[in-house]
Structure formats: C-alpha cells, structure tokens
Amino acid sequence: MTTTLITGANKGLGFETARRLVAEGHTVYLGSRDADRGRRAAEQLGARMVLIDVTDDASVDAAAKTIAADGGLDVLVNNAGIESRTPDGGIIGAGQLTADIMRQTFETNVFGLVRVTHAFLPLLLRSERPTIVNVSSGLASLARVTDPGEPAYAYPGVAYPASKAAVNMVTAQYAKAFPTMRINAVEPGFTATDLNGRTGTQTVEQGAEIIVRMAQVGPEGPTGGYFDAEGPLPW
Ligand SMILES: NC(=O)c1ccc[n+]([C@@H]2O[C@H](COP(=O)([O-])OP(=O)(O)OC[C@H]3O[C@@H](n4cnc5c(N)ncnc54)[C@H](OP(=O)(O)O)[C@@H]3O)[C@@H](O)[C@H]2O)c1
C-alpha cells in the first residue's frame, strides 16, 4: 500500500491528483490549510484530510506527526502554490514588483516546499519507494523565458517564475543528496484553475497527468529531472 501526501489538494491540480491517486489505490492524505474545505474535498474522494499550511512550522510539524503515527509516507507531492496578482487580477511585472511580493511568493512556493520536505524526510527515508514530486512550472525554465521563440518569453511576471526556478534548483540538489529517492520537478502546463482566474487552456485532468505519473515513478525511473507530459524540459 502506497501512502501519499499532496499539499494544497482541496482544489485545482492537487485535488485532481488526489482523485487519480485514490483511484490508483494510494492511501491519500489530502493536504488543506482550511479544515472545512479540506474535509469536504477529502470526503468527496475517499481521501484522508490533513490540515497543513506550508508557511507555518507548527502546522507542518503537526501534519508530519499525524502521518508518522498512522504508519509513514511513501510519496510527497509538493503542490501548494500561489501567484500573487494585482487586485484586479493582473500579473505583477518588474515595474511593480516589491520585496514583500517576492517574499510572500517565496514563502509559499519555495520556503513552504522546503519546510514540508524537511519535515517529511525522516518518514520518506523509511519508505521502500520514497518519491517526491515538486510541482514547478514551465515559467521556471530560464531557457524558455529568455528565448523569444517560446510562449513563456511574453510572460512579464517576476516573483512566480523566480520562485519556480528556485523549486527546480531545490529539486536538482535534493535529488543528488538522496539518490535512493525519486525526486522530480514537473510542469503541468497552463491549466484552468483559480491560480490564473481559470484562464488556463488545459483541463485539470490534462494538467495533473505528469504529476500523477511522477508520483508513481518506480525505483528505475528518473530522478533530478524536470518534465512535462511530453518529456524532459530545458532548465
Ligand atoms: N494552473 C496552472 O496553469 C499551473 C501551471 C504550472 C504550475 N502550476 C502549479 O500547480 C500548483 C497547483 O496550482 P493550481 O493551479 O491547482 O492552483 P489553485 O487551484 O489555486 O490551488 C492552489 C492550492 O494551493 C493551496 N495553498 C496556497 N497557499 C497555501 C499554503 N500556505 N498552505 C497550504 N496550501 C496552500 C491552495 O489552498 P486554498 O484553497 O486554501 O487557497 C490550493 O489548494 C501550484 O504549485 C502552481 O504553481 C499551475
């Protein structure tokens, strides 16, 4: 039996990933920072709800204690993420960027991911098939963002892609440090969720595909990579 935690799984890509992994037979801990939203989502899927705010040490430590007491963890999906926007939903470009916006974005997308990973490492290291999936973004790719021929070139935001580039670096370095684990970064693709005011062009079913695949990667599978549903991406 595989036990899996997905952060930020009360909606969007995390929820769809939870739905798919429950169907694959995983025991899924559906992470939510809000108890009611989490409980409703978990009941809908037959998952277990665990309260987890990735920006809060006490919350993350309590979640790790709960899951340890229940028997441990095999797969961690670091999915919780934010993209700070202007009050009218606009992307915050370089001219409007402040240190506070940068800090807020990194607090969830990078420090949160590290906080959760650090708290769950002892459990994962006891697993027979320890796996981490870090939900990154295509906008993390320096190669793409700097290539005028790529759609990502036109995206003017700074904090979000910088945070996801940091997620990619964190992924590469953790993968080298823990060679017995499978640790990969994934790009779901531009998906209609609350994150982007539902402007994404893919469905959550399409977006969750690579997350689900990398959550199920076997011991012979890749580690330290950056993938979308089509294959490896340029860093
Ligand atoms: N949608 C896309 O096009 C796209 C593309 C590439 C990558 N991604 C990445 O995919 C991941 C999921 O995003 P999504 O598109 O599914 O967005 P979403 O529908 O807005 O879901 C984000 C989830 O993260 C949770 N979250 C935010 N801050 C949190 C915190 N401090 N602690 C715990 N949970 C927190 C949210 O909880 P609340 O409901 O409580 O806010 C929500 O469950 C993110 O990492 C995002 O960057 C998305």
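This is a short tutorial chat about reading the sheet, helices, core and ligand shell of a predicted model.

Q: Let's start with the sheet. How many strands does it have, and in what order do they come?
A: Here's the general idea: strands of a sheet pair through backbone hydrogen bonds, either parallel or antiparallel. In this structure, eight strands make an open sheet, ordered S3-S2-S1-S4-S5-S6-S7-S8, with mixed pairing. At the edges sit strand S3 (48–51) and strand S8 (231–232), each pairing on one side only.

Q: Can we zoom in on one pair? How many bridges join strand S1 to strand S4?
A: Three bridges join S1 (residues 3–6) to S4 (residues 75–78), and the two strands run parallel. To see one partnership, look at Thr4: its bridge partner in S4 is Val75.

Q: Which strands does helix H4 lie across?
A: Helix H4 (residues 99–125) lies across S1, S4 and strand S5 (131–135), and runs at about 180° to S4. Helix H7 lies across S1, S4, S5, strand S6 (182–186) and strand S7 (226–228), at about 160° to S5.

Q: Now the core. Which residues have the most contacts inside the largest nonpolar core?
A: That core has 54 residues, and the ones with the most contacts inside it are Leu5, Leu30, Val77 and Ile211. Helix H7 (residues 204–215) gives the most to this core, with seven residues. Take Leu30 as a case: leaving aside neighbours within four places in sequence, its contacts include Ile6, Ala9, Ala18, Leu45 and Met49.

Q: What about Val204: is it buried or exposed?
A: The idea is to count C-beta neighbours inside 10 Å, with 20 or more meaning buried. Val204 has 21 of them, so it counts as buried. You'll find Val204 in helix H7. Not counting residues up to four places away in sequence, Val204 touches Gly12, Leu13, Glu16, Thr191 and Thr193.

Q: How far apart are Val204 and Ala172 in sequence and in space?
A: In sequence they're 32 residues apart, while in space they're 26 Å apart, C-alpha to C-alpha.

Q: Last one: which residues are closest to the ligand?
A: The ligand is surrounded by 31 residues, and the closest are Gly8, Gly12, Gly81, Thr193 and Leu195. The elements giving two or more residues to this shell are helix H1 (12–23) and H4. H1 gives the most, with three residues. Sorted by class, the shell has nine nonpolar, 15 polar and seven charged residues.

Definitions and conventions
Residues numbered from 1 in each chain as written. Predicted model: local features only at pLDDT ≥ 70, side-chain atom pairs only at ≥ 80, totals over all residues. Core = buried A, V, L, I, M, F, W, Y, C linked by C-beta atoms within 7 Å. Buried ≥ 20, exposed ≤ 12 C-beta atoms within 10 Å, placed from the backbone. Helix = DSSP H or I, 4+ residues; strand = E, 2+ residues; numbered from the N terminus. Contact = placed C-beta atoms within 7 Å. Pairing = 2+ DSSP bridges. Axes fitted to C-alpha atoms, helices over the stretch in contact; angles between N-to-C directions. Near = placed C-beta within 6 Å. Nonpolar A, V, L, I, M, F, W, Y, C, P; charged D, E, K, R; others polar.
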